[in-house]
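The exercises below concern contacts between charged side chains and how exposed their partners are. Please work through each task before reading its solution.

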Amino acid sequence: MPYDPDNPQPPGSELRLLPWQTWDGRPCYLHPADNGQGYLSRKADRMEAQQMRNASRAYIDAETTLRNESAGPLLLRLTLIRTTAALNNVLRIADSRAGRLPAPYGGKQEESDD
């Protein structure tokens, strides 16, 4: 399931967006009751770290491919597929981490004086 920028996880969320999805493509969430140190939280941390490493490699490969003037359409397409998959994972990780930030102003919006 691709990342949905129109449906971000708000800061201060009680649920953690996990870096995997259900068998039918829906997002998975975890309610960490152990301050984020339980088995699934640690597994998600490891998977996010691996996804970030994969994204770094995809970025380097994309730069190398773009500099290769003899790269054909198939190589460019495969590189783009890998890079967009990595970008999707990175955006999902960013959304998950944003949801774990504390809610601004204790969860309430500050009223403006305008």
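**Exercise 1.** In this predicted model, decide whether arginine 82 is buried, partly exposed or exposed, and find which side chain it meets in a salt bridge.

*Solution.* Begin with the accessibility: arginine 82 has a relative accessibility of 37%, and since buried means under 20% and exposed over 50%, arginine 82 counts as partly exposed. Next, look for the partner, which is aspartate 61, with a separation of 2.2 Å from N to O. Aspartate 61 is likewise described as partly exposed, at 34% relative accessibility. Finally, place the two along the chain: aspartate 61 belongs to helix α1 and arginine 82 to helix α2, so that the salt bridge links distant parts of the chain, 21 residues apart.

**Exercise 2.** Determine which parts of the chain are tied together by the salt bridge of arginine 100 and glutamate 48.

*Solution.* First establish the contact: the closest N and O atoms of arginine 100 and glutamate 48 are 3.5 Å apart. Because arginine 100 lies in the segment after α2 (73-99) while glutamate 48 sits in helix α1 (residues 39-67), the pair ties together parts that are 52 residues apart in sequence. Then compare the burial of the partners: glutamate 48 is buried, at 2% relative accessibility, whereas arginine 100 is partly exposed, with a relative accessible area of 38%.

**Exercise 3.** Find which residues are joined into one network by salt bridges that share partners, and state how many salt bridges are counted.

*Solution.* The network is made up of Arg16, Asp45, Glu48, Arg97 and Arg100. The count for the model comes to seven salt bridges.

Note on methods. Residues are numbered from 1 along each chain as its sequence is written. This is a predicted model: local features need pLDDT of at least 70, side-chain atom pairs count only at pLDDT 80 or more; totals for chains, interfaces and linings use all residues. Side-chain values use heavy atoms; hydrogens and water are left out. A salt bridge is a side-chain nitrogen of Lys or Arg within 4 Å of a carboxyl oxygen of Asp or Glu. Helices (H or I, at least four residues) and strands (E, at least two) are DSSP runs, numbered from the N terminus. Buried means under 20% relative accessible area, exposed over 50%, partly exposed in between (1.4 Å probe, protein chains only).
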